[in-house]
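Colleague: Please take a close look at one part of this model, the question of disulfides, and then place it in the wider packing.

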Amino acid sequence: MVWGCISHDCKLDLVTIRGNLTGDQYMRHVLEPVVVTHFDNHPLATRPVYMDDNARPHRSRAVVDYLQNNAVTTLPWPAMSPDLNPLEHVWDILGRRIQALQPPVQTLRELEAALHREWLQVTREQIRRLTGGMRRRVDAVIRARGGFTRY
C-alpha cells in the first residue's frame, strides 16, 4: 500500500506499508507520524482540511475518533463521486516513471525504493499545476452533471 499527500504548497512524506491497510496501521503509520505532526506544525493560521478517498480503513470508528480527538477536519466526500483528487495524477506520474526505469524493478523492495525516489522528484511546480486546475475540473463535472469528463 502506498500513501501520499499533497497540497498546493507542500508534499508530505510517502508512506509504504506491506500488505493490506487496516485502520490501526493507518493511524500508526500515516495519521500520527505524518498527518497530525504536519498539521500541528503547519504555518497557516488555521489547520488545513484533510481529504482521503473513503477507503474502508479511513472510515473505521477508531480512525474517525482519532481524527476528531486530534482536531483534524476532514472534507466530506461522497462515496460514489467523480474522482477529482489531483493526487490521482501524481500516482499516474509515478507509475509512468516506474515503468520507464531501466533496468526495470524486479522485486518489491526495489519497487518501494523506486517509488520513494520518484516521489522526491515530483516538483512543487507539477503539484501546483495539478491543484491549480481544480476549478476547471469541477466546472467540467458540473457541465457533465456528474458524468464522464476528460479528467
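Modeller: Buried denotes under 20% relative accessible area, exposed over 50%, and partly exposed in between (1.4 Å probe, protein chains only). The model is predicted, so local features need pLDDT of at least 70 and side-chain atom pairs count only at pLDDT 80 or more, while totals for chains, interfaces and linings use all residues. Residues are numbered from 1 along each chain as its sequence is written, and side-chain values use heavy atoms, leaving out hydrogens and water.

With a disulfide taken as a pair of cysteine sulfur atoms within 2.5 Å, the count is 0. Cysteine 5 forms no such bond because the closest cysteine sulfur, in cysteine 10, lies 6.6 Å from its own, which is too far. Cysteine 5 is buried, at 16% relative accessibility, whereas cysteine 10 is partly exposed, at 23%.

As to the packing, the largest nonpolar core (buried Ala, Val, Leu, Ile, Met, Phe, Trp, Tyr and Cys residues joined through side-chain atoms within 4.5 Å) has 19 residues, and Trp3, Tyr26, Leu31, Val35 and Tyr50 have the most contacts inside it. Helix H1 (23–40) and helix H2 (61–69) each give two or more residues to this core; helices here are DSSP runs of H or I with at least four residues. H1 supplies the largest share, 8 residues. Beyond its neighbours within four places in sequence, tryptophan 3 is in contact (heavy atoms within 4.5 Å) with residues including Leu12, Leu14, Tyr26, Val35, Tyr50 and Trp91. A second, separate core has 13 residues, among them Leu87, Val90, Val122 and Leu130. Leu130 is also one of the residues touched by proline 86, which is buried at 10%.
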